[in-house]
Amino acid sequence: MWCILAAVIALPWCGLAQRSSNWRIYKAADGLSESYSTAVTVSPQGHVWVRHGESDPISWLDGYEIHHLPSPGNGNFRVYESRTGQIWTLYAGGLEEYKNGKWVQYPVHEIQTQLQTNLYYKVRPFPMLPGKQNRVLFLTPDRLMEFNALLDKTTELQSVSRTRLGRFIDLSEARDGGIWITGNNGLAKLPGPSRTWNVAALWREHIVPGDLHVQDLLRPSEDDDGGVTMIGESSDKNERVVVYFNGQTWEKRSIAGGKARQAWRGHDGIFWAETFNSLSRLEPNNQEVPEREGLLAGQFFDSAIEPKGVFWLATSEGLVRHSPLTWRTPSELGVINPIVHAIREDSSNRLWFANSSSLIQLYHGNWRTYDYPKDWDLSFQPTDALFCLPDGRVAIGANDGFLLFDPASGQFTLVHHPLKRSMKLIGQMPDGRLCVETFNPQGHPGNFHLELYDGRQFGLFLKPQPNWNLGTELDFCVATSGGDVWLGGNAGIGLWRDNKLRTFSRADGQAPNAAICLLPLPDGKIWCGGLGRIFEFDGKNWSVVRDGFDRVNALIRGRAGTIWVASSDGLYRYADGSWVENGIDEGLPSAAVYRVFEDQRGNLWAGTARGLSRYDPSSDIDPPRTYVYSANDQTEFSVDAPVTMILRGQDKWKFTPSDRLLYSYRLDNLKWSPFADETTVALGELGAGKHRFEARAMDRNLNIDKSEAAVFAFTVVLPWYMETRLIIVVFCGLVVALLLAALSVNRHLQLKRSYAAVEKIVAQRTRELEKANQALLHSQKMQALGTLAAGIAHDFNSLLSIIKGSAQIIEGNLDNQEKIQVRVNRIKTMVDQGAGIVKALLGFSRTTSKDLVLDDVNSVVEETLELLHDRFTHEVTIQCELTPSLPRVPCARDLLQQMLLNLILNAADAMGGHGLVMVRTGLTSCTPANLVLSPANGQDYAYVDVRDTGCGITQEVQSRIFEPFFTTKAFSSRRGTGLGLSMVYEFAKEQGFGLGLESVAGTGTTFTIFMPMPNGKPANGREA
């Protein structure tokens, strides 16, 4: 055993801690528009904005996803997001804002002048900052100005002539929402968060002391403590230096090469300095340490600083994020730390840390180290303990002895046993006395005593008995609040109660075969850590809580009820049924953890093989996002096959790598499972129906998105032959079908008998109906024949009246040959009209096509009006408006003339013999939409309309006026045939004409004939 311990102790005490990665990098493979990043800013909302090149889309990150905006195409100017969500950048002529999906430019003369005349804006950002809604602050060498985009106006807020800064150089946002402004001679502050300052009243200046020999301050960056870090020009060394102002005093630090472009102060007092080709850390001891992480290759173009030590670097290799991890070594202890094997806090709230070379004290934030005397040959092992005596002294276990340290004198004392026995500190009683295992160095290994030491003398506590079986060496002595004392050895564990020792064996359950540490729990149970396992004692039996550890070195219970386990392969915590491991990835300097301790202020400390580490849960407060889907992306599964779910997650800013996230799940709102690192869940023996699977991811800092879980809804279905409800439905359906079939057969037989009787009655009624129909048809035929005969008589009466009038004129003018000839021609025309009526009657339903010839529409109208010259009395006036030079149209002249005669006579009848009939001709390129009959297609249309001032036609009658034998003059003295307008419709249809009707009751009616004019001659037409 001692050889093993010696080998453990022989590990390097002062080696460098194992580096855990504080760095995360984003490249094009992660979703950036391009890995090559040239500018970066962080908005008040926590969004990160990145520029890549001259025209690449802008990338912006919210921690989980990467989004893109179109590039304004104006160089590599930074992109800023205001508190109100407005997006701003620069272009060569002023400012640009991204809104409504595009970039809007605002010319600003002052910005344009600076960008054209000051060449240093080619290598460092132009000083600007979004203000409140629609406002942007910017800085020129002589003025602080504000641009109002709503008013398109620039206002001066401060002039350099009214300050002591010399020349304005740079500005940045303060943590309170105000701004810092730098100049040649110092620094000025305008408090926030309002952007409507009374600058003269709020302006506060801080001038650099002359003995600092620093000027031209730029790139101010405020830290969590309110201090401001800047880059300045050293006037005495002609190089750039880091300048820090803490609100009261100034200091400067040199940088190797003197070419820093920006510097800032981290969360732990470490300064960072960036050059074009490197990044360095300035430790509190002024040591400069170049960062050599593989992620930091290439060139550095820009940086953005966030609270809590987070910063971003825009590099040629990608966008890099640095963030402190949850476990960190205090910067005051430096980089090199030996093993820390014991931690304790005394009654004065002083923390004590024992390592292999010294005793370290932390008191009121101040660290102090007390080295062990160099002439003492001390040997420590990981199980050595540290205890605080009631008088303030500290006892440090040292393998086969222990030391006493007096904080008042700062002196160490090596404690010797009065009987020169070897000693080992294993515990402390409630009264403050130390429990010491003593043994004779030359005696049997198992022949030891337990003694109590009060700081001055030893007293015997108990002697071992032959049946104790605890092994040759004890590791702890723990007294519980109930008066029990537990003893743990390398061969087992025992309970001292009522002056008797009970040792446990396999008969008592899974008892520990080696006990290294012990933790009493509030519910009376006992946890014991051993080699690879944690055991639990419930008062009767032992059981294994968890195995798989390397070696359990310490157990504690924190204030929040979390149990912390320090083991040789990591630091574990148990909370709400879940085990979470912390290791090098979370910042621990080594995976071998020997002590874990929570002080009175709630701070958690871990002593590792490579130094001390402190827990800072505020470094990671954002929960991961969770994604869940089925193994084959289906949502319906069979009941006889398992359902496999895949769990995935992503922590914000990749703080916890995806492969280290833990997952919990539940089915159908049942209890959540403990968090584990399993990413595949197989669900078996699910009942048929709909199911709801929920999953949550948790990072190694126990951050869980409790407001929203990933949900996957799916359905489990039964095979049809296993579906009881389906079988019942089918059986019932079959029974119902049989009953319905029986009813149908019976009904069919009844109907068949009744159909025979009904058919007889129907046949009789049919014969009677046929007789009645024949009588009605005969009556209708006779009525139609009478109507037709009366109409024909009326039309022929009109023709004969014209013939009679012409004959009378001939008789009265026998010596006037010209009048005789005119009247004779009119008589011939009327005879032809009568023949046309007869022809229409004979072949009304089978009108044959006529050859269409190109004819003059105006001449047809004039000739028709001549025929009607003697037809009307003086009460009916016919006016004619003919469009001159009207092109010829293809038509049948006699049919067109018959159409006009019918329309004009109808118009005269509609006015009752009193009124005005207007006949017009014209040319149009289009026809109305609501025609009675649409014309054939033509390039243009000639038209003739006949308009009267009669009573008009009602809507009910308009739909029937073109029906054969329909007439509104059936009971008037001017009884018609009902064929006039029907013939007009048929003649128009035969010639490819269109018909239009417009009528207003009480005002008059207009009939229009539209005649198409094709590009060339009609196929069946010829010149008249």
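Guide: A charge sits over a ring if NZ of Lys or CZ of Arg is within 6 Å of the ring centre and within 35 degrees of the ring normal. This is a predicted model, where local features need pLDDT of at least 70, side-chain atom pairs count only at pLDDT 80 or more, and totals for chains, interfaces and linings use all residues. Residues are numbered from 1 along each chain as its sequence is written, and side-chain values use heavy atoms, with hydrogens and water left out.

Visitor: What sits over the ring of tryptophan 672?

Guide: The charged end of arginine 696 does, 4.0 Å from the ring centre. The limit is within 6 Å, so the distance qualifies.

Visitor: Which charged end sits over the ring of tyrosine 26?

Guide: That of lysine 654, at 4.4 Å from the centre.

Visitor: Why is the pair of tyrosine 372 and phenylalanine 412 called edge-to-face?

Guide: Rings of Phe, Tyr and Trp (its six-membered ring) pair if their centres lie within 6.5 Å; planes under 30 degrees apart are stacked, over 60 edge-to-face, the rest tilted. Here the centres are 5.4 Å apart and the planes stand at 75°, so the pair is edge-to-face. The structure holds 48 aromatic pairs.

Visitor: What makes this pair a tie between separate parts?

Guide: Tyrosine 372 lies in the loop between strand E33 (366-371) and strand E34 (386-388), and phenylalanine 412 lies in strand E37 (residues 411-414), so the pair ties together parts 40 residues apart in sequence. Strands (E, at least two residues) and helices (H or I, at least four) are DSSP runs, numbered from the N terminus. Both tyrosine 372 and phenylalanine 412 are buried. They belong to a cluster linked by ring pairs, with Trp352, Tyr370 and Phe405.

Visitor: Why do phenylalanine 549 and tryptophan 579 count as edge-to-face?

Guide: Their ring centres are 5.9 Å apart and their planes stand at 65°, so the pair is edge-to-face. Phenylalanine 549 is in the loop between E49 and strand E50 (552-557), tryptophan 579 in strand E53 (residues 578-582), 30 residues apart.

Visitor: How do you know whether phenylalanine 549 is buried or exposed?

Guide: Buried means under 20% relative accessible area, exposed over 50%, partly exposed in between (1.4 Å probe, protein chains only). Phenylalanine 549 has 7%, so this residue is buried. Tryptophan 579 has 13%, so the ring's residue is buried too.

Visitor: What about aspartate 576, buried or exposed?

Guide: Its relative accessibility is 80%, so aspartate 576 counts as exposed. The residue is in the loop between strand E52 (570-575) and E53. Phenylalanine 675 is 99 residues away in sequence, yet 9.1 Å away in space, C-alpha to C-alpha.

Visitor: What makes E46 and E49 edge strands?

Guide: The open sheet runs E46-E47-E48-E49, with antiparallel pairing. Strand E46 (517-520) and strand E49 (542-547) each have a single partner strand, so one side of each is left without a neighbour in the sheet.

Visitor: How do you know that E47 and E48 pair?

Guide: Two strands pair if DSSP finds at least two bridges between them. Four bridges join strand E47 (residues 526-529) to strand E48 (residues 533-537), so the pairing holds. One bridge sets isoleucine 526 against phenylalanine 537.

Visitor: Which strands are at the edges of the sheet E14-E15-E16-E17?

Guide: Strand E14 (168-173) and strand E17 (204-207), each pairing on one side only. This open sheet is antiparallel. E14 and strand E15 (residues 179-183) share five bridges. Glutamate 173 has isoleucine 179 as its bridge partner in E15.
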